[in-house]
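Welcome! Here is a short guided tour of a protein model, made for reading alongside the sequence and the 3D view. Take your time and find each residue as it comes up.

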Amino acid sequence: MKRHSVSMRIRPIIVCLAVVMPGALASLSAQDLTISNARIIGVNGAVMERGSIVVRAGKIVSVSPGAPSAVSGRTIDAKGMSAMPGFIDAHRHINTGPNEKAQMQALLEAGYTTVLSGGGPAEGNITLRDHIDKGLINGPRIIPSGSLRLNNNTPETARAEVRKMAGMGIKFTGEIALTPVPGPSEKEIETLKAIVDEAKKVGVMVQVHAVSSRAMVAAVDAGVPLLVHLPNKDWVSKEDAKKVAAAGVKVLGTVAFGSPVFGVFADDNKARFRDGKPWPEGIVDGVRLGEEAGYMPVNARTIWDAGVTLGYCTDTTYDPKAGLDHELKMLNVMFSMQDLIKMMGPNTASYIQMSDQLGTLEAGKLADIILIDGDPLEGYWNWLKTKVVIKGGVVVVDKR
């Protein structure tokens, strides 16, 4: 969703990193390690008590009950903490800049190991990714995207923009906005169809910002594979939800979009919108009655029950842990902890086209693992207690 940029408030952080020298993180990409005595959380809430995970060359080679048959590299005694896949935020507006080091560290601290950028400039996304990949700063895995606006393009120029993205190695468009009310124009749909067609040819995934039922259905009819947000302007009918499911379109939640935020921008007990402005007057494109706070959670449940692959994102610009807390609070109203494990793990990995690498703790996948101090099945509040973060087999945060 569009929003005004705001400065991020970063809480004081105490971190014990395996390596702190610039450039050294990249050299640890093939680290081996063994995690023992962990409560390992599987899909749909399956639990393996006192289990172990063995990692070699950045990938999980075994997940088993009890002690591992063979220890590999550094050993971490989880002491009963819970092991989960690293969190994925599939839509957060990030870019290179003077505060990137603190911002990326805060994302890791909250448990995020992968972030799909919400939009461009694509060059800035690529720079940020490269800074992390080269070990210049510590941060999650960054998947860059490129901005593309319908109203600034004809079908021909939009096709050229998609080809340009592909040439840069960009695999996702940023969120392409469709007019929610009264609905997309014929010109918008014509250009969008051209984008979808060209994107299929060059291997780019099209993401659309459709925040009304009319816009959502129009995007599905145009062949769009990914929707970055649920409708927040009206209720999604069961019939429309079934249409989304039948088309195989994947959707991100952002269910806390319209809900007020407390204690993040200031500790004055005043309700604020996600950009720090007063709630609900600050809601982007809203009727300023706060109705969005009701539409999105209910719509999330409606499309979930229809069989739509619903993934997770925050679309916040403030402190990542506060954003995680805010989103989980709202999801908790409509979903069980077992649902959330599926939503935030395999579903979101599927959305970012990385199901074969992320989203679950199993042999062959990237060793993106977090250890949290508590049982995630007890309640979402334990998801806020990340103590150890492992990205690609490398311990990037250790707060034990």
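T348 counts as buried, because its relative accessibility is 0% and buried means under 20%. Keep in mind as you look around that this is a predicted model. The tour starts in helix α9, which spans residues 337-351 and holds T348, then moves on to two helix pairs and two further residues.

**Two residues in helix α9**

- The side chain of T348 has a polar atom that lies 2.9 Å from the backbone nitrogen of Y312.
- Leaving aside residues up to four places away in sequence, T348 touches I88, A90, G311, Y312 and M343. Y312 therefore appears both in this list and in the 2.9 Å pair, a link that rests on contact meaning heavy atoms within 4.5 Å.
- N347 is in helix α9 too. Is N347 buried or exposed? With a relative accessibility of 7%, N347 counts as buried.
- Beyond the residues up to four places away in sequence, N347 is in touch with W304, T309, L310, G311 and K342. G311 is one of the residues that T348 touches, and G311 is also on the list for N347.
- Try finding N347 and A46 in the 3D view: they are 301 residues apart in sequence, and their C-alpha atoms are 16 Å apart in space.

**Helices α3 and α4**

- Two packed helices are described by the angle between their axes and the distance between the axes.
- Helix α3 covers residues 155-167 and helix α4 covers residues 186-202; their axes come within 8 Å and cross at roughly 30°. That angle makes α3 roughly parallel to α4, because angles under 35 degrees count as roughly parallel.
- What is the handedness of the crossing of α3 and α4? The crossing is right-handed.
- On the α3 side, the residues that meet α4 are P155, A158, R159, V162, R163 and A166. On the α4 side, they are E190, T191, A194, I195, D197, E198, A199, K201 and V202.
- Sorted by class, this contact of α3 with α4 has eight nonpolar, one polar and six charged residues.

**Helices α5 and α6**

- The axes of helix α5 (residues 213-221) and helix α6 (residues 238-246) come within 10 Å and cross at roughly 25°. These two helices are therefore roughly parallel to each other.
- The crossing of α5 and α6 is left-handed, whereas that of α3 and α4 is right-handed.
- Which residues make the contact between α5 and α6? From α5 come S213, M216, V217, V220 and D221, and from α6 come D240, K243 and V244.
- By class, the α5 and α6 contact has four nonpolar, one polar and three charged residues.

**R141 in strand β8**

- Strand β8 runs over residues 141-143, and R141 is found there.
- R141 has a relative accessible area of 17% and is buried.
- The side chains of R141 and D368 make a polar contact at 2.6 Å.
- D368 is also among the residues that R141 touches, along with T113, T114, V115, M354, L358, L366, K391 and G392, not counting residues up to four places away in sequence.

**A122 in helix α2**

- A122 sits in helix α2, which covers residues 122-133.
- A122 is buried, with a relative accessible area of 9%.
- Setting aside residues up to four places away in sequence, A122 touches S145, G146, M168 and I170.
- A122 and D285 are 163 residues apart in sequence and 25 Å apart in space, from C-alpha to C-alpha.

How values were computed
Residues are numbered from 1 along each chain as its sequence is written. This is a predicted model: local features need pLDDT of at least 70, side-chain atom pairs count only at pLDDT 80 or more; totals for chains, interfaces and linings use all residues. Side-chain values use heavy atoms; hydrogens and water are left out. Helices (H or I, at least four residues) and strands (E, at least two) are DSSP runs, numbered from the N terminus. Buried means under 20% relative accessible area, exposed over 50%, partly exposed in between (1.4 Å probe, protein chains only). A polar contact is a pair of N or O atoms within 3.5 Å; within protein, one must be able to donate a hydrogen and the other to accept it, and residues adjacent in sequence count only if both atoms are side-chain atoms. Axes are lines fitted to C-alpha atoms, for helices over the stretch in contact, and angles run from 0 to 180 degrees between N-to-C directions. Angles under 35 degrees count as roughly parallel, over 145 as roughly antiparallel, 65 to 115 as roughly perpendicular and the rest as oblique. A crossing is left-handed if the near helix is turned anticlockwise from the far one by less than a right angle, and right-handed if clockwise. Ala, Val, Leu, Ile, Met, Phe, Trp, Tyr, Cys and Pro count as nonpolar, Asp, Glu, Lys and Arg as charged, and the others, Gly among them, as polar.
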